[in-house]
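Subject: The structure, and what turned up in it

Hi there,

Here is the structure I promised to pass on. Have a look at it first, and then read on for my notes.

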Amino acid sequence: MSRRVVGVRRELVVLGSVLVVLVALVLVGLGVGEIPLAPGQVVAALVGHGDTVSDFVIGQLRGPRTLAALLVGASLGVAGAIVQSIVRNPIASPDVIGITSGASAAGLTAIVLFGASGVSLFATVVVGALLVSVVIAGLAWRRGITGNRVVLVGIGVAAMCLSVTGWLLTSGSVQQAGTALLWLSGSLNAVDRGIVGVLGIAFVVLVVAALVQSPRLTVLTLGDEVASSLGLRPDRAKVLLLLTAVCLTAGAVATAGPVSFVALMAAPIARRLVGGGRVALAPAAGVGATIVLASDLVAQFAIPGTALPVGVVTGVVGAPYLLWLLARGR
């Protein structure tokens with residue numbers, strides 16, 4: 001049996017295992033709360049045979065939040081896998097290199113200055129993320145994109161975006177600042193159903209695009225010289241892949257705000273589970289969705305009577321992971 005076949009089989013096994021965990025988390029997330037629902041009631045409501053109470057609770061209250069958690073986590077997982085594979089640096093995730101900060105600054109500008117929400121907020125965040133990505137790529141470009149330059153330039157750009165965020169928070173009204181702070185913490189507590197629908201459509205399109213480009217991404221992990229010798233145009237392939245990753249990140253940020261460290265953690269965990277040096281985009285999506293959904297459950301029920309933003313929980317887990325990466329890499 002060839003090594004490729006073994007790798008594909010192991011990736012499918014990992015993906016199947018992650019999906020089983022996700023199904024269990026979805027059943028828990030839809031069933032627990034002030035109005036508890038048994039797993040049978042949840043399944044009946046999902047297939048269209050639920051009673052009035054379960055249909056309302058799942059369709060109007062818990063369903064949109066759970067779907068948002070799945071889409072946000074999967075989007076960040078795929079985006080992190082793409083960026084880390086292209087740059088070939090384990091800490092080069094969208095939230096570390098400034099893409100998330102740029103998207104957040106754009107979204108906060110739209111919220112504070114124009115009162116944007118829904119589709120207009122989604123579009124503003126996407127445009128902001130794209131503009132910041134162009135700036136980062138332009139400053140980091142030296143006959144190609146290298147890992148260390150992207151990380152360092154991205155950290156600098158992120159600091160500039162954070163200064164814009166701080167200014168907007170102090171210049172807006174108290175009500176605007178409260179709304180903005182909740183959004184900036186990465187929260188699913190008041191998710192917009194319209195934005196979730198837009199993210200769902202965008203996610204399907206972008207993930208299909210990412211999977212179509214995954215063979216090129218695998219080649220790019222071998223280095224630009226090897227990729228060129230195999231007939232691939234590295235710069236063009238990187239631009240298309242990074243555009244996909246940026247749009248996925250922007251969609252996640254527009255939906256739930258900057259949920260920190262998910263993009264950083266999901267891809268390395270997926271690659272370690274799969275092994276064999278595979279890019280593992282689909283497992284990265286599953287791991288990302290698992291992280292966000294599990295973190296959201298912790299955020300809702302860890303402290304009775306208090307619903308924390310999901311970004312607080314992912315930050316508590318992700319910050320030590322980032323420090324460990326830095327310490328291990330000296």
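Disulfides first: searching the whole structure, which is a predicted model, turns up zero of them. Why does Cys-161 have no bond to the closest cysteine sulfur? That sulfur belongs to Cys-247 and lies 17 Å from the sulfur of Cys-161, which is too far for a bond, because a disulfide needs the two sulfur atoms within 2.5 Å. Seen from the other side, Cys-247 is in no disulfide either, with the sulfur of Cys-161 as its nearest cysteine sulfur. Cys-161 counts as buried, because its relative accessibility is 10% and the cut-off for buried is under 20%.

Cys-247 also brings us to a helix pair, since this residue is part of the contact between α8 and α10. Helix α8 covers residues 193-220 and helix α10 covers residues 234-256. Their axes come within 9 Å and cross at roughly 155°, so the two helices are roughly antiparallel to each other. The crossing of α8 past α10 is left-handed. On the α8 side, the residues that meet α10 include Ile-195, Val-196, Leu-199, Phe-203, Leu-206 and Val-207. From α10, Cys-247 takes part together with others, among them Leu-240, Leu-241, Thr-244 and Leu-248. Sorted by class, this contact has 17 nonpolar, four polar and two charged residues.

Val-207 deserves a word of its own. This α8 residue is buried, with a relative accessible area of 17%. Val-207 and Leu-281 are 74 residues apart along the chain, yet their C-alpha atoms are separated by 8.8 Å.

Leu-281 leads on to α12, where this residue is part of the contact with α3. How do α3 and α12 lie relative to each other? Helix α3 (residues 52-87) packs against helix α12 (residues 281-301) at an angle of about 135°, with the axes 6 Å apart, and the two are therefore oblique to each other. In this pair, α3 passes α12 in a right-handed crossing. The α3 residues in the contact include Arg-65, Ala-69, Gly-73, Gly-77 and Ala-81, while α12 contributes, among others, Ala-284, Gly-288, Val-292 and Asp-296. By class, there are 12 nonpolar, five polar and two charged residues in the contact of α3 with α12.

Helix α12 also packs against α11 (residues 262-274), at an angle of about 125° and with the axes 8 Å apart. These two helices are therefore oblique to each other, and their crossing is right-handed. Among the α11 residues involved are Val-262, Met-265, Ile-269 and Val-274; from α12 they include Pro-283, Val-287 and Ile-291. Which classes make up the contact of α11 with α12? The residues divide into 12 nonpolar, one polar and no charged.

One last residue to look up is Thr-165, which sits in helix α6 (residues 147-171). Is Thr-165 buried or exposed? Thr-165 is buried, with a relative accessible area of 8%. Apart from neighbours within four places in sequence, Thr-165 is in contact with Ala-105, Leu-108 and Leu-184.

Happy browsing, and do write back if you would like to go through any of this together.

Best wishes

Key. Residues numbered from 1 in each chain as written. Predicted model: local features only at pLDDT ≥ 70, side-chain atom pairs only at ≥ 80, totals over all residues. Heavy atoms only, no water. Axes fitted to C-alpha atoms, helices over the stretch in contact; angles between N-to-C directions. Helix = DSSP H or I, 4+ residues; strand = E, 2+ residues; numbered from the N terminus. Parallel < 35°, antiparallel > 145°, perpendicular 65-115°, else oblique. Left-handed = near helix turned anticlockwise from the far one by under 90°. Contact = heavy atoms within 4.5 Å. Nonpolar A, V, L, I, M, F, W, Y, C, P; charged D, E, K, R; others polar. Buried < 20%, exposed > 50% of the residue type's maximum accessible area, 1.4 Å probe, protein only.
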